[in-house]
Amino acid sequence: MKIRSPIVSVLGHVDHGKTTLLDYIRGSTIADKEAGGITQHIGATEIPNDTIEEICGNFISKLTIKDLIPGLFFIDTPGHAAFTSLRKRGGALADLAVLIVDINDGFKPQTYEALNILKMYRTPFIVVANKIDMIFGWEAHEGVSFKESFNQQAQSVKTELDTKVYEIVGTLHKEGFQSERFDRVSDFASQISIIPISAKSGEGIIEVLAMLLGLAQEYLTEQLEINEDAPAKGTVLEIKEEVGLGLTIDSIIYDGVLRTNDEIALITSSNEVLTTKIRSILRPLPLEEMRDSKKKFQKFDEVVAAAGIKIAAPNLDDVISGSPLRVLSDDVDVEEELLKEIEDITISTEDEGILVKADTLGSLEAIVKLLRELDIPIREANIGDVNRRDIINSSIALNENDAHGAIIAFNVSVHPNSADDLKNSDVKLFEGDVIYQIIEDYEAWIDEIERAKKKAFYNAIIKPAKFMALPKLVFRQSKPAIVGIESISGTIKQGQTLINKNGEYVGVIASMEDKGETLPDISRGQRVAMAIKDAIVGKHFDEGDELYVDVPEKHYKFIEREFKDKLTEDEFETLYEFLEIKRKKDPDWGKFGLFE
């Protein structure tokens, strides 16, 4: 068994320094230290252990790091989209992550997004607090350790930096993580290390490299064990057209060995397994050779994990980013294994729920995981642009349930041929490149639907109300009785049933008029002429009596359970009076309600 280099991914908010950090780590400052051996892969940079030791000097010996890990393998494409795309079965491809935060800006939407994705995949990480050179009064010292530079700063600058670090500590605490500045960490297994750096000047990069190497050697050696002779496992980073080579795939190999002429299995956008034969395995020429050559790549007969490579092979047109890559083997049914993996992520069998589309298998997996954690039902989840079939299926779902007539589209577009279909439907599209923002927007929409339903339900419920039959304003005694009334509380509506103070049936409101205008409802204080079907003045009620709208027991229980806080003071008082009237006739009426 061999221990491979840990795969390290850099995540964080836009403009917080992800690319600058990666550029510095693989760039000219390291070359200036004459630390050779850094290899450029496709989509990755590998820094061997002896180079890290040369860069970090005494700092490595202080950490008592054993010489177990061959080096660090940095994914060159920063960001959580790359992190989620690069996956292996059951989790993220990255063994370690760097969450970069602008020490002056703090956490931003994409920082929280990245943190939640790290939490979801349970990926060990360090926090790099970048741009210490922007702290007022900071004096930069190119390429030195953070500790060395920090010790040379004015006291006011040190205090300011510590304040900013503890703001990050506070934010991480709210998100469920214990953390501390790296040199104050007492337990690396339970506390997240925060390393202040300047990706621009290189201050603190020493500690970043040493800390990643230390964490890998202390906690990850078991998961970094690979069998050099086993058929390779990898993941597709990107599909690219290359002059002279045609369509190629860029891939990260994380286990086993890959050889020219190996047959490999990949996943296509139609969720099928494609098998093809490797024509060439390519890696970039070393930088100094590339300057003197027209070629960009050199060929290899075989590569062992961890490696970033370009593969030339036939029939790659339909392969998707994030697809697993497996070498066919006599021992394992690779095709069946990949189909099972697709089934685990893509969904097309659930009876109800929303539709999810994403650009890569990894992104889809992350969204599906998150939606399931939030108990949001998914009817179908798949890769690719939103098409006509998706819109038709979502329209059907909408007819069954308002909340399911939605499509979540991460990093994909609506197919041009389907734009009109979407426009002419009532399907709601939530699209973007920040998973959590899309889902927040969807949840806000669901809340809006629920509020509208609740409002409609509340409006449909019969609520407490009463009025007085005004003295000397009887216009007709019966068939129907027509009297002048004054509303005392609540809203009185045409069609409502009335009872008297003894709980006896009086009649039904047939109509209400004021100055010749028919009114569907009236509110407190209004005086109108009311026609009451079935009522006889002098038998069912008298002039000056108060009459009550009859609230059905089921409606009463809904009010006390869902809507009691919406009642006005006069409605509340009327409900209490109404309850007393009902209880005189039936002591158990509305039991365990509002006034128990």
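## Helices on the sheet

Helix α1, residues 18–26, lies across five strands: β2, β3, β4 (44–48), β5 (71–75) and β8. Its direction runs at about 145° to β2. Helix α3 covers residues 49–56 and also packs on the sheet. There, α3 touches β4 and β5. The directions of α3 and β4 make an angle of about 70°. Note that this is a predicted model.

## The eight-stranded sheet

The sheet is open and built from 8 strands. Their order is β3-β4-β5-β2-β8-β9-β11-β10, with mixed pairing. The edges are β3 (39–41) and β10. Each has a single partner strand, so one side of each is left without a neighbour in the sheet. From one strand to the next, the twist averages 25°.

Strands of a sheet pair through backbone hydrogen bonds, in either the parallel or the antiparallel sense. Here β2 (residues 7–12) and β8 run parallel, joined by 5 bridges. One residue pair to look for is L11 with its bridge partner L99 in β8.

## Helix α8

Helix α8 spans residues 155–174 and has 20 residues. From first C-alpha to last, α8 reaches 29 Å. That is close to the 28 Å expected at 1.5 Å a residue. Just after α8 comes G176, which takes a positive phi of about 95°.

Which residues of α8 are buried? They are V157, K158, L161, D162, K164, V165, I168, V169, T171 and L172. Charged side chains are on that list, among them K158, D162 and K164. The buried residues of α8 pack against four strands and two helices. The strands are β8 (96–102), β9 (125–130), β10 (178–181) and β11 (191–196). The helices are α6 (109–121) and α7 (146–151).

## Strand β18

Strand β18 covers residues 280–284. Why is β18 described as largely enclosed by the rest of the structure? Buried means under 20% relative accessible area. In β18, 5 of the 5 residues are buried, so the strand is largely enclosed. S280, L282 and P284 point one way from β18, while I281 and R283 point the other way. Both sets are buried, R283 included.

Strand β18 pairs with two strands, β21 and β19. With β21 (residues 307–312), the pairing is antiparallel over 3 bridges. S280 stands opposite A312 in β21. With β19 (residues 297–300), the pairing is again antiparallel, over 4 bridges. Here R283 stands opposite Q298.

Methods: Residues are numbered from 1 along each chain as its sequence is written. This is a predicted model: local features need pLDDT of at least 70, side-chain atom pairs count only at pLDDT 80 or more; totals for chains, interfaces and linings use all residues. Side-chain values use heavy atoms; hydrogens and water are left out. Buried means under 20% relative accessible area, exposed over 50%, partly exposed in between (1.4 Å probe, protein chains only). Two strands pair if DSSP finds at least two bridges between them. The expected span of a helix is 1.5 Å times one less than its number of residues. Contact means heavy atoms within 4.5 Å. Axes are lines fitted to C-alpha atoms, for helices over the stretch in contact, and angles run from 0 to 180 degrees between N-to-C directions.
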